[in-house]
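Here's a quick briefing to go with the structure. Have a look at the model, then work through the points underneath.

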Amino acid sequence: MSLAAEAFVSQMAAAEPWPESATLYQPLKEDQILLSDCASSLAVQAYLRMCGLPVQVVYKSNAEYMSPSGKIPFIHVGNQVVSELGPIVQFTKAKGNSLSDGLDDVQRAEMKAYMELVNNMLLTAELYIQWCDDATAAEISRPRYSSPYSWPLSNVLAYQKQWEVRRKMNAIGWGEKTLEQVYDDVTQCCQALSQRLGTQPYFFNKQPTELDALVFGHLFTILTTRLTSTELAERIKSCSNLLSFCRRIEQTYFEDKSS
Amino acid sequence: MGTVHAKSLDPLPMHGRDLGVHPDDLVELPEPEQESKQEILENKAVVVQHVNVQGLGRTKEDLLGYEISEVFHAKNLIDVMKKSHIARQKLLRLGIFKEVEVLIDTSEGSDALPNGLDVTFEVTEVKRLTGSYNTMVGNNEGSMVLGLKLPNVFGRAEKLTFQFSYGTKETSYGLSFFKPQPGNFERNLILNLYKVTGQFPWSSLKETDRGASAEFNFPLGVTNHTLKWEGVWRELGCLARSASFAVREESGHSLKSALSHTVSIDSRNSAIFPSRGALLRINQELAGYTGGDASFLKEDFELQLNKRLFWDSVLSASLWGGMLCPIGGQPSSIADRFYLGGPTSVRGFGMYSIGPQSEGDYLGGEAYWAGGLHLYTPLPFRPGKGGFGDLFRTHFFLNAGNLCNLNYGEGPRAHLQKMAECLRWSYGAGIVLRLGNIARLELNYCVPMGVQSGDRICDGVQFGAGIRFL
């Protein structure tokens with residue numbers, strides 16, 4: 001999203017309160033969605049729940065193409081369409097809902113840095129495993145990604161997506177990495193997060209922020225998604241405080257709502 | 001050398017360059033010293049002994065056999081002339097010769113009969129490869145178009161064409177192969193491979209189609225038929241961020257595999273400014289039966305009747321209609337539905353701006369009808385008569401139509417009622433300009449009536465061009 005568009009959106013958004021009819025769009029949960037999209041979508045859902053903003057989740061097979069940025073998820077609020085966690089945080093802030101207002105500048109910078117770490121490490125690792133690991137791509141990613149389409153379009157779209165992600169991996173220098181190196185990166189990232197979290201309930205003590213939502217979205221999805229190997233989940237399980245962190249957010253924001 | 005008497009040619013309807021063979025080119029006037037050999041062949045039986053085709057390069061001779069065989073059946077000279085003329089027209093229609101000249105001569109050689117004739121077609125083949133290069137500007141986009149044509153590529157009037165357009169926003173291409181049946185040019189097969197991109201601002205929609213199609217055309221009595229299979233990978237997207245959510249919901253990829261059949265009867269004397277005759281075209285498309293994501297049955301028809309009145313004025317009436325029935329409970333796609341309105345359909349309304357819409361984006365409808373009544377007259381005071389002025393007509397028109405979605409649970413009576421209510425209509429007058437024999441430009445003053453909420457109107461002067469017109 002361009003800066004001008006972003007400014008415009010926030011201005012427009014500020015005028016109206018959060019409507020009851022807000023919806024979040026993501027691909028089909030059972031047959032289609034992939035680990036990385038599921039993680040991003042869960043992060044946004046966690047964030048909105050932390051803000052206390054109700055949102056209805058809608059599953060659409062063409063969610064990726066409906067999204068203005070081509071990324072999952074996006075929310076439809078009033079007549080606004082906003083995609084991805086970053087812009088959605090901006091958008092809710094303009095409506096007067098923010099989780100990071102209590103932080104000082106240093107903390108805010110730190111929060112942004114950790115969010116970048118998660119996006120650059122965990123999200124990229126998820127994409128790598130989905131599309132660059134041949135076994136996962138053939139057994140899980142391509143069949144799931146192409147499930148809404150009929151042959152031969154299904155094959156065309158799945159390979160097109162795989163090619164696109166591999167090209168991106170090559171561009172950021174991940175193309176040469178082995179699976180083992182990617183797992184090591186994930187371990188390092190988790191250790192960094194684990195150290196930062198320490199014994200606090202949330203990253204910035206008592207109050208959850210968008211960083212908590214993002215970390216929860218990724219870790220929880222990795223822990224609960226079945227892949228060709230359990231290696232990725234094992235790496236996270238070695239940090240016990242992250243596990244209890246996931247459990248805590250799940251209980252606070254997801255379980256009481258559903259019961 | 002024997003000569004043929006020129007007198008015999010007079011009764012033939014030979015004028016204009018249609019024939020290409022002027023009597024004077026063919027026949028040398030008898031010279032005095034040859035008078036002894038002069039014969040009057042007009043009513044005499046003749047035998048066509050040889051038909052030669054000269055100037056053939058890559059064209060296969062068996063193809064030409066079908067086109068010129070009739071000449072052998074001619075029994076007298078006038079017949080020979082007529083049949084040669086027809087054969088020449090047939091040869092030119094193949095599109096593989098630049099020029100065809102006919103020479104008729106008395107037979108020579110040892111086996112020559114006294115009343116034997118030889119017919120020689122002197123042909124010039126078109127070049128093996130022709131290319132074109134254009135630049136186009138429009139739709140906020142500039143593009144460069146390269147075209148390549150290989151006529152007569154395998155020697156039997158096949159044609160291979162390739163067009164590639166490289167634009168600042170989009171590239172598109174098309175590869176087409178045309179193969180007629182030898183001796184029956186109207187019966188032909190066309191294979192296509194293409195990628196096209198369209199931007200539809202009235203729907204805030206962008207569509208990229210990549211597809212392949214196979215088409216078989218054949219005449220049957222007075223009707224022309226087309227059977228077609230088409231497989232298209234369609235990618236829909238929003239033209240702008242501000243597109244309505246209804247259009248956004250249609251975004252994404254789909255695969256359409258459709259069988260279609262078109263039948264047409266056309267007795268009009270001209271496609272653009274007909275003064276008599278009628279056209280009926282019925283088209284039906286069944287998608288989903290041969291695979292793909294889209295499944296529907298689509299029917300539409302077009303009827304046009306023309307009648308000449310006093311002082312070269314023509315009364316023309318047309319009726320269009322169509323219906324789309326989704327199959328299997330799946331809603332129809334925005335790319336398959338019908339659209340109505342614009343300077344060559346229901347005039348006085350914006351381009352495709354009638355019917356169901358969402359936040360100003362027109363979504364199309366599953367059923368429509370439109371009718372038009374026109375009175376065409378030549379320009380007042382007939383300036384440029386017989387020349388430039390004949391490219392123009394003035395017309396007075398009355399258009400009406402409706403576009404809506406039907407609930408297929410209701411009966412046909414409810415459908416008819418729905419099509420009759422919320423009728424859009426308009427009247428006006430304007431000038432029409434014929435562009436070649438395929439398109440026309442119109443400049444009209446329109447008075448839209450029966451406007452429904454949500455329709456975009458064009459009250460006053462409206463300008464537009466179109467190939468298909470109501």
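What pLDDT does chain B average, and what share of its residues score at least 70? Chain B averages a pLDDT (the predictor's confidence in each residue, from 0 to 100) of 84, with 90% of the residues at 70 or better. This is a predicted model, so to speak of local features takes a pLDDT of at least 70 and side-chain atom pairs count only at pLDDT 80 or more, while totals for chains, interfaces and linings use all residues. Residues are numbered from 1 along each chain as its sequence is written, chains are lettered from A and ligands numbered from 1 in the order in which they are written, and side-chain values use heavy atoms, with hydrogens and water left out.

**Confidence**
- Residues 1-35 of chain B have a pLDDT below 50, yet beyond near neighbours in sequence this stretch has 46 contacts in the model (heavy atoms within 4.5 Å).
- For the complex, the predictor gives an ipTM of 0.84 and a pTM of 0.80.

**A three-stranded sheet in chain B**
- Chain B has an open sheet with the order β1-β3-β2 and mixed pairing; strands are DSSP runs (E, at least two residues), as are helices (H or I, at least four), numbered from the N terminus, and two strands pair if DSSP finds at least two bridges between them.
- β1 (47-54) and β2 (97-106) of chain B each have a single partner strand, so one side of each of these edge strands is left without a neighbour in the sheet.
- β2(B) runs antiparallel to β3 (residues 116-125) of chain B over nine bridges, and Glu99(B) sits opposite Thr124(B) in β3(B).
- Helix α3 (residues 77-93) of chain B packs on the sheet, touching β1, β2 and β3 of chain B, and its direction makes about 165° with that of β2(B) (axes are lines fitted to C-alpha atoms, for helices over the stretch in contact, with angles from 0 to 180 degrees between N-to-C directions).

**Helix α4 of chain A**
- In α4 (residues 85-94) of chain A, the buried residues (under 20% relative accessible area, 1.4 Å probe, protein chains only) are Leu85(A), Ile88(A), Val89(A), Phe91(A) and Thr92(A).
- They cover an arc of only 160° around the axis, which puts them on the same side of α4(A) (the arc is that of the directions from the helix axis to the C-beta atoms).
- Gly96(A), with a positive phi near 90°, follows α4(A).

**Gly364 of chain B**
- Gly364(B) is found in the loop between β16 (361-362) and β17 (367-377) of chain B, and is buried at a relative accessible area of 2%.
- Among the residues Gly364(B) touches, not counting those up to four places away in sequence, are Arg337(B), Tyr339(B) and Leu403(B).

Key: Buried means under 20% relative accessible area, exposed over 50%, partly exposed in between (1.4 Å probe, protein chains only).
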